[in-house]
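Work through the exercises below with the sequence and the model in view. Each task is followed by a solution in steps.

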Amino acid sequence: MMSFNPYLLDFPDQFHTERLLIRAPLRGDATAVNTAINESLAHLAPWCDWAQVPEALEDTDAHLRLLAARYQSKDDLSMLIFHQDGQFVGGCNLREPDWILPAFRVEAWVRSSLLGQGYMTEAIQGVARFAFEAVGAVRLEGRLDARNTRAKALAERGGFHLEWRLRRAMRDPRGELRDVLIYARLRP
């Protein structure tokens with residue numbers, strides 16, 4: 001097999017869609033992200049183990065610094081989503097990179113005050129284009145709680161197709177067993 005070094009890849013740390021700027025975390029993002037997380041706990045808590053209790057600003061800042069470093073090292077491509085007017089919208093990540101394919105697991109969240117406005121569909125479609133065109137991905141995968149109807153609809157609007165259902169494959173944030181749906185989108 002040919003040797004591959006992801007550290008030699010050169011791709012941008014930001015891109016635009018029609019209404020959004022999607023970029024790697026920067027210093028100074030913590031206040032906006034922290035406000036959105038804490039505003040959205042009721043919406044996120046059933047699905048996200050990281051959104052169970054209010055988060056301290058210092059914890060958000062430390063986490064964003066880690067994500068920025070992991071973006072630079074190409075160990076994880078976590079990005080923040082901003083409206084063109086500067087308002088923080090949410091996050092979208094290309095996680096668990098398999099640089100040999102390359103393939104990524106996609107995760108996304110939106111602040112609760114912006115639900116239902118199409119921002120996440122636009123972001124997911126933009127992240128898929130970025131992954132395929134700029135990063136060279138051949139496969140994107142989403143792993144969703146089978147009960148999360150919003151996430152399923154988002155995956156389908158984003159061009160992902162259901163591939164598999166894993167029964168009792170994960171625990172939700174409350175510790176209950178859940179089925180996981182695996183959605184995928186392949187490079188055209």
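**Exercise 1: a bridge at E122**

E122 has a relative accessibility of 13% and counts as buried (buried is under 20% relative accessible area, exposed over 50%, partly exposed in between, with a 1.4 Å probe and protein chains only). The model is predicted: local features need pLDDT of at least 70, side-chain atom pairs count only at pLDDT 80 or more, and totals for chains, interfaces and linings use all residues. Residues are numbered from 1 along each chain as its sequence is written, and side-chain values use heavy atoms, with hydrogens and water left out.

Task: find which side chain meets E122 in a salt bridge, a side-chain nitrogen of Lys or Arg within 4 Å of a carboxyl oxygen of Asp or Glu.

Solution.
- Step 1. The partner is R19, at 2.7 Å from N to O.
- Step 2. R19 lies in the loop between β1 (14–16) and β2 (20–23), and E122 in helix α4 (residues 119–135), so the pair ties together parts 103 residues apart in sequence. Helices (H or I, at least four residues) and strands (E, at least two) are DSSP runs numbered from the N terminus.
- Step 3. R19 is partly exposed, its relative accessible area being 24%.

**Exercise 2: the partner of R111**

Task: name the residue that forms a salt bridge with R111, then place both in the chain.

Solution.
- Step 1. R111 pairs with E39, and their closest N and O atoms are 2.9 Å apart.
- Step 2. R111 is in the loop between β5 (103–110) and α4, while E39 is in helix α1 (residues 30–39), so parts 72 residues apart in sequence are tied together.
- Step 3. R111 is buried at 8% relative accessibility, whereas E39 is partly exposed at 34%.

**Exercise 3: from a pair to a network**

Task: find which residue bridges to D172 and which residues are linked in a network.

Solution.
- Step 1. R147 forms a salt bridge with D172, the closest N and O atoms being 3.0 Å apart.
- Step 2. D172 sits in the loop between β7 (161–171) and β8 (177–186) and R147 in the loop between β6 (139–145) and α5 (149–157), so the pair joins parts 25 residues apart in sequence.
- Step 3. D172 is buried at 4% relative accessibility; R147, at 38%, is partly exposed.
- Step 4. Salt bridges link D145, R147, D172, R174, E176 and R178 in a network.

**Exercise 4: the total**

Task: state how many salt bridges the rule gives.

Solution. The count is 17 salt bridges.
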